[in-house]
Amino acid sequence: MSTPNRHPPSSPSRPTLSPNPNPNRSHSNSIHRTTSRNTIADALRHARSREEQETLLDENDEPNDDEDDDDDGDEEEELGTGQANGNCGHEQLGIYRTIHRIRRLVIASIDDPYTLEQLKSPHINFVIVRPLVERLYDPGDISTIYCLLVNRYQFLRDQSYQAHHSTVKITRASLCELIAARILRRFDEDNPGRPGLLLLANILVAGFEPFQNAPEEVLEGSHQAARWAKQKRSSTEGKLTALEVAIISESKLFLSSSACQKVIESVYLGRIVYTPMSFIDIIPDQYKRKPISLYDPRKAPILNQYRLIVPRTRNIIEVCQFMILLALYISTLMNRNDEKFTTLEAVFCVYAAGWVLDEFASILEHGWHVHTQNLWSFLDVTFVGIYTVYFALRMHGLARGDLEEGRQALDVLSIAAPILLPRLAFNLMPENMLFLSLRAMMGDFMVLTLLAVWCFAGFLLAMKWLSRWGAPQDGTAPDSITISKWMLWIWFGLDGTGIQRSVDFHLIWGPTMMILFAFLGNTLFLTILVSMLSNTFSKIVADATAEIQFRRAVLTFEGVKSDAIFAYRPPFNILALLLLLPLKPLLSPRYFHKLNVLCVRVLNCPILLLISLHERRNLWHNPKTARRGRKNSLTRHGKSEWWYWTRWNPHGDIQAVFDLEPPKGFIEEIERADEVNDDVLANGILGGGETR
């Protein structure tokens, strides 16, 4: 480990961690953070400012996004005017310079491998982490978090190519993640309330480009940089967000931080809205894009089609869609008809095709890497493969009139049952430790099994070749399938037929090969497999909170969609693909947008009404609404309806006392009393007296 005093400032080969170039700023910030919470009353006031994030905007407040200024329910500028989600307003940030500056500082700071726990230790935190945080934190630069996570991703990528420096690279990647979490926490501490929440959202979900403000020689010497230079600065093409980089680099410490989770929760609930950058849009409708803003449901239209891409709403709708798919699947196979293509099977085929199209669009939206981080993505991809094979066989059999081929198609569809039923459990309990560990353990199991099959294939070939020259008792040599079954039974300890028949291959080498395989496969391999799976499970359990919050971040990020096809429920997304996509080149962007909005609102009218009614009442916490609801809930006897339910529970009053907020005057009286107590306590300490 290199310290700030390890290399003298005159050394030209390695940069040093000199004090912050702006000591006044860091000193004032540290004094502010030290003195801002020196009393209980100050801490309470700070907590109240944070609670404003949960409070609905007042009637006289200026809204952050006016949703009803036109007939489409939004007033965002057209794409290219500099108001859409991107790095608009931050074109002056030197992202290219910041990325390489961070890389030089981290390389100069870390020469030896350390674990994440060691990096958090007081000594290393004081010598390395805190000076880097003070140096890199800039209240006016929201791209620092993005640049740190980009460096983490590159360090992790380098360690796979430089084996002799792999542990040091991992340490540097962990340091970048730790510094990013600390800087994000400082942004959160210095910017409370709704403006601070909006600032954190811009830090995490605004799009940035690594070649921004790079030198001309760099732009001329790199193909990627030249491609970026030809694009407009307001374009969202090729830009990534800090949240996406954190997901693909699996920065679980950063994603589990309180500041990051605050933004993730707000995006998941729909309090923060924006139009994300997408990889490929099947039905592109980019006439209007939503900027990063706080959503006010009272100023939004009743039928707001943008609420269909809110992650929480999207997740509920996807669960309902999958339950419909599962019901149609079970009904189709329970009423199976090998000789006739029934109406029920036709309905299942059409609906499943729409569901597969939705899954395919999800992969194109954020890319394969992000999609596979989803908890149940491997189940979805497996079902897509099974359905594709079934549909191709079924249609080919119907076209040729081949009943046997149609029967085989339904047999292929039957094997999807072990995929669909667990998938529903994954949806309903996504944070269950069993499913979190099962997904990771399945990956290890598949890798080790494939390696074992590859290695043990040599035993199969040896026995097959021995069987050609042996003298079997029945005069026939066992084929490869029979030998494989014997080996598989020995592998799992089910049957010893292979060992008994091994003398048929060769009197000496046959039993030798089978017994050797039994020792290696049944004993050594299974021991290694159990050890690996136990190690994987223990790691997940030891850091269960970070794992759950990481999966929650993936679900939230992937739930925000920009492709217009996600606003159409299966199987209407197939109709939208067939009807709207051909009209795209024939209509202007404005009229195509109006047509798309009209179709979405007509098809989703009941869903949009329910969403609007729910969010106007429950999206943000409104004390006025709570008090009005409390008055309306009083019965003629003066007791609330809630009391009649909780009286049957001896502990119901504990929950009921927190359901309604105390009056404002009551809170102010408590704060005045706390301020008096703080003054007494401070005078006692400063005067050297004893305070009891």
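This passage looks at a nonpolar surface patch, the annotated transmembrane stretches and one buried phenylalanine in a predicted model.

Starting at the surface, F572, L575, L578, L579 and L603 come together as a nonpolar patch of about 490 Å². Helix α25, which runs over residues 572-583, supplies the largest share of this patch, with 4 residues. One of the patch members, L575, sits in that helix. At a relative accessible area of 46%, L575 counts as partly exposed, because that class spans the values between the 20% limit for buried and the 50% limit for exposed residues.

As for the annotation, the unreviewed UniProt entry marks residues 445-466, 515-533 and 565-583 as "transmembrane region". Two of these stretches can be set side by side in the model. Residues 515-533 are 100% helix and 0% strand, and 26 Å lies between the C-alpha atoms at the two ends. For residues 565-583, helix makes up 63% and strand 0%, with the end C-alpha atoms 14 Å apart.

Turning to the interior, F550 belongs to helix α24, which covers residues 544-559. With a relative accessible area of 0%, F550 is buried, since anything under 20% falls in that class. What does F550 touch, leaving aside residues up to four places away in sequence? The contacts are I247, E250, K252, L255 and Q373. There is also a long-range pairing in the backbone: the C-alpha atoms of F550 and S256 are 6.7 Å apart, although 294 residues separate the two along the chain.

Conventions: Residues numbered from 1 in each chain as written. Predicted model: local features only at pLDDT ≥ 70, side-chain atom pairs only at ≥ 80, totals over all residues. Heavy atoms only, no water. Patch = residues over 30% accessible without salt bridge, like charges linked within 9 Å, V, L, I, M, F, W, Y side chains within 5 Å. Areas by Shrake-Rupley, 256 points an atom, 1.4 Å probe, with all protein chains shown as cover. Salt bridge = Lys/Arg side-chain N within 4 Å of Asp/Glu carboxyl O. Buried < 20%, exposed > 50% of the residue type's maximum accessible area, 1.4 Å probe, protein only. UniProt positions renumbered as here; feature names shortened; annotations may be inferred. Contact = heavy atoms within 4.5 Å.
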